Amino acid sequence: MVTIFAVVAVVSAVALGLLSWQLFDQNRQLETPRRRGVLEAAADEATKTLTVTMGQLDAALNHAGGTALPLGVSVVTITSDRTTFGSNASLPFVPTRSLREADAAIFAEATTLEFSKDGRDRARAAYEALSTHSDSAVRATALNRLGAMRRQSGDFAGALRAYDAMSALDDVGVGGLPAGLIATVGRASALKEADRQLEFRDAAAKLARGLSAGKWPLTAPEFEHYVTQASEWLGASEPREFDARFRAEATAWLWQQRPALAAAGRKLISVPPLFAVVVWRATNDGLEAVIVGPVLFSTLMSAAIPPGFAFNLSDSEGRPILNSAPKGRFAFLPDIGTDVGPTTAQLVATRAASEALPWTLQISAGTSDVFESDAAPQRLLSLVMSVMVVVLGAGWYFIARARGRELRVARLQNDFVAAVSHEFRSPLTSLAHIAELLAQNRMPGDAQRQQAYGVLVADTARLRELVEHLLDFGRFDSGTMALRFERVGIDAMVRDIVEDARQRVAALGYTIEFSPCTVPAFAEVDRVALGRAIWNLIDNAVKYSPDCRTVWVAVEHDESGTAITVRDQGLGIPVGEQAGIFERFVRGEESKSRRIKGTGIGLALVRQIVDAHGGEIELNSAVGQGSQFVVKLRSAGGVA
């Protein structure tokens, strides 16, 4: 069925593809000659769209802080001594900043002691006292010096504590740099000196992320220095985040040019090979600006140009900035000044730079003629093909998934039937043989007959227990099992189960060690159902422990409730099988290969019983080390 569907789907997809290609080819052959008016209309449409976009930037500037801006846009406020950013994002570096620092006179005595022959201990004590100062700038400087002294003395744990306390003080400076940056770098250096390589790499990565996110107000040289430092520590070249960096460069240009700028304006700033669009207005103490980076602006340009047209964007000095190929593709020009735009013969529509749009835009026909083409059928065909691919793919996936599930269920059911048949066959064979001997009066004496009766009783009990086991599983699985909850002493109940289990497994050479609870533990449970669950866990522990013939059972109680633990040192369960071990009919591969008896419903029944009580069961297991099952119950009044 799956093969037939796959063949039909592939044939349909190929037929649809061929039909679509034929229609696209016909459209290309029927396209009308190029017309200048179409290009002019395209240029007008692009200009209109870009004008609206620039108007939106003006609106964002007028409502700075109250307008949600996309990624790639920065709102900047520049004064003579400070550069601040809107809530959307910071930039990697700033042209100027103002950081409050501690008065050096406060540290004069401690500094003298630090560099004196016998004063280092007193200096350290002075810095520790200043590290709790009410002034955050004083605390930052004291913590920095304290961290440095501890590093010098080999007290790396103390140094890390100092740097951790200092890392939150981003609003003050130490030695002309943000305290948070100094703390981050100091922490990484201390970890490196302590040869704690994993933590050191984490600290270096944290430094790199903070620099990339613009966490600290740094100048461009400072930013480059610490980026290089982080890259050396991480042993990898720093990724090129050109968009945010160029918006930072544009911010620096605004700060440098602010005395000569008009009260309001727009400009396309280009520094090979990147660019940014800036919209600004003067304020009482500086200016506010919206800066659009190259990535977002390129996306806006691509959206503004009608499909099928190529464009070339130049700045006000005529240098090419951005170039687009047909079908909406675009590329940054690698070398500013290289003419890669439309040729004179291709140039049809030009919109020169103006105050509204501070760039020159050229629109030309691309290599594929799309003027007056039947674009709607193309889009419809593309949509139909996409839907067809999705439908076919979804059909393949769900059919394969359903088929796989059916095969898995069938395999599990076959394993279950085989296991149950084997479980029934052994006692039935024994019963039939002994019954035949008794019926034919072939028992030589009373002693042998009594022994035969004992075997009949044991095998009958075994069959009855197996049938009850299957019936209980069926009732739980169908939801018809009625539980009778009562207040039960868990410790006493588990002790009785352990005693019964000891008698049954003693002949096989197994022992069961029981660790009772040190305090009374009661819960509202169904004694019979929960007892069956605990017995199943003990029985499994015995069956899957061929070498270590001891099973440990314990009851513990705390504020959260009561836990019943069954542990062995047997075969263990592979990690890949642990997730499905509580599903019905599932048996581990090791149990199959060793031909260990079982039906595959024991643990499924345990989980059903625990779930019916509202409880939890946990499994911890490793191959060759054994398994531990923990049933968790709440105290009397309920189970969890």
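## Close-up views of a predicted model

**View 1. T79 sits in strand 1, residues 73-79.** The model shown here is predicted. Is T79 buried or exposed? T79 has a relative accessibility of 15%. Buried means under 20%, so T79 counts as buried. Leaving aside residues up to four places away in sequence, T79 touches T96, W255, D285 and G286.

**View 2. Strand 1 pairs with strand 2.** The two strands run antiparallel. Three bridges join them. Look for V76: its bridge partner in strand 2 is F85.

**View 3. Five strands form an open sheet.** Their order is 2-1-7-6-5, and the pairing is antiparallel. Which strands lie at the edges? They are strand 2 (83-85) and strand 5 (264-271), and each pairs on one side only. From one strand to the next, the twist averages 25°.

**View 4. Helix 10 (residues 242-257) packs on the sheet.** Helix 10 touches strand 1, strand 2, strand 5, strand 6 (274-282) and strand 7 (286-292). Its direction makes about 40° with that of strand 6.

**View 5. Helix 11 (residues 294-304) also packs on the sheet.** Helix 11 touches strand 1, strand 6 and strand 7. The direction of helix 11 makes about 95° with that of strand 6.

**View 6. Helix 6 spans residues 156-166.** Which of its residues are buried? They are G158, A159, L160, A162, Y163 and M166. An α-helix has 3.6 residues a turn, so residues three or four places apart point the same way. What covers the buried residues of helix 6? The cover includes helix 5 (136-152), strand 3 (173-174) and helix 7 (179-193).

Definitions and conventions
Residues are numbered from 1 along each chain as its sequence is written. This is a predicted model: local features need pLDDT of at least 70, side-chain atom pairs count only at pLDDT 80 or more; totals for chains, interfaces and linings use all residues. Side-chain values use heavy atoms; hydrogens and water are left out. Buried means under 20% relative accessible area, exposed over 50%, partly exposed in between (1.4 Å probe, protein chains only). Helices (H or I, at least four residues) and strands (E, at least two) are DSSP runs, numbered from the N terminus. Contact means heavy atoms within 4.5 Å. Two strands pair if DSSP finds at least two bridges between them. Axes are lines fitted to C-alpha atoms, for helices over the stretch in contact, and angles run from 0 to 180 degrees between N-to-C directions.
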